[in-house]
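Colleague: Hey, have you got a minute to go through this one with me? I'd like to start with the charged pairs.

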Amino acid sequence: MNRYQNMLCVMEDNAHLISMVPVEELLRFGYEIGLKPGMKVMDLCCGYGTVLKIWRENFGIQGVGVDREKGFLEIGAERMEKHGIEGVLLIHEDVTKYQDETQYDVVICSETIDSIENTFLLGKKFLKPGGILCYQKLYARVSDPPQKLKDFDGEVLPLSTLNRRFNALGWYMIAMASDTPGMWEHYVVNWCGKRNWEEGASPEWIKTWEDMYFDYRRQYEGQAMFGLREIKEIVK
């Protein structure tokens, strides 16, 4: 095998992550939360289902991904077939309306649904007692981010404030996987940037979007996946 082949496979997976957290960090995260063969994992707002693909290939999990973007799911299903991956089901549905009686070992909330509180309630609905909730969230790299960033992205909290919010909601952190500059650049230039230009977004919007990244988001904003367990699970 060409010595760069593995690198190219990782790049392909990174290109299909709607996230700034790269494959290497997701693998470390999966190890730290204790993924094992046969564990059931749900990803709400799964995009292409790439996190489930990575964890299926490397940890042997059984995965279900739900997303309302049919195009993403179709591409994700094609990639699963291309790589001979079974054991991952991608479902076209609004995550707030999806019904499933299965209780999962791990539930990923890849996007915020209205608020952190509502997102956790949604995820917990599918989570078995003692299971792990994984939450992907933008955060502020500084204690008081610029108002322009808050106006553009809404609530962007520093990590200390996010951690206190998790605790107040009854959860404590057991793992965390962070973004990298390279993944931000891929997301901004190759994913959102190209889509904005190629899908005919207005020049005013494109300028605003790109200026926000280069002037504010690159410097003041990060993204992470947080692994969380309910505090009551350790209270005697």
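Modeller: Sure: Arg79 and Glu12 meet through their side chains in a salt bridge, at 3.5 Å from N to O. A salt bridge here is a side-chain nitrogen of Lys or Arg within 4 Å of a carboxyl oxygen of Asp or Glu. One caution: this is a predicted model, where local features need pLDDT of at least 70, side-chain atom pairs count only at pLDDT 80 or more, and totals for chains, interfaces and linings use all residues. Residues are numbered from 1 along each chain as its sequence is written, and side-chain values use heavy atoms, with hydrogens and water left out.

Colleague: Where do Arg79 and Glu12 lie?

Modeller: Arg79 is in helix H4 (residues 70-82) and Glu12 is in helix H1, so the pair ties together parts that are 67 residues apart in sequence. Helices are DSSP runs (H or I, at least four residues), strands likewise (E, at least two), numbered from the N terminus.

Colleague: Is Arg79 buried or exposed?

Modeller: Arg79 counts as buried because its relative accessibility is 6%. Glu12, at 22%, counts as partly exposed. The cut-offs are under 20% relative accessible area for buried, over 50% for exposed, and partly exposed in between (1.4 Å probe, protein chains only).

Colleague: Which residues are linked with those two in a network?

Modeller: The salt-bridge network links Glu12, Asp13, Lys53, Glu57, Arg79 and Lys82. Within it, Lys53 pairs with Glu57, their closest N and O atoms being 2.9 Å apart. Both sit in helix H3 (residues 50-59), four residues apart, about one turn of the helix.

Colleague: And how many salt bridges does the structure hold?

Modeller: It holds 17.

Colleague: OK, new topic. What about the largest nonpolar core?

Modeller: That core has 36 residues, and Ile33, Trp55 and Val106 have the most contacts inside it. By nonpolar core I mean a set of buried Ala, Val, Leu, Ile, Met, Phe, Trp, Tyr and Cys residues joined through side-chain atoms within 4.5 Å. There's also a second, separate core of 27 residues, which includes Cys109, Tyr139, Phe166 and Phe226.

Colleague: Last one: where is Asp179?

Modeller: In the loop between strand S6 (171-178) and helix H8 (181-198). With 11% relative accessibility, Asp179 counts as buried. Its side chain makes a polar contact with the side chain of Arg141 at 2.7 Å. A polar contact is a pair of N or O atoms within 3.5 Å; within protein, one must be able to donate a hydrogen and the other to accept it, and residues adjacent in sequence count only if both atoms are side-chain atoms.
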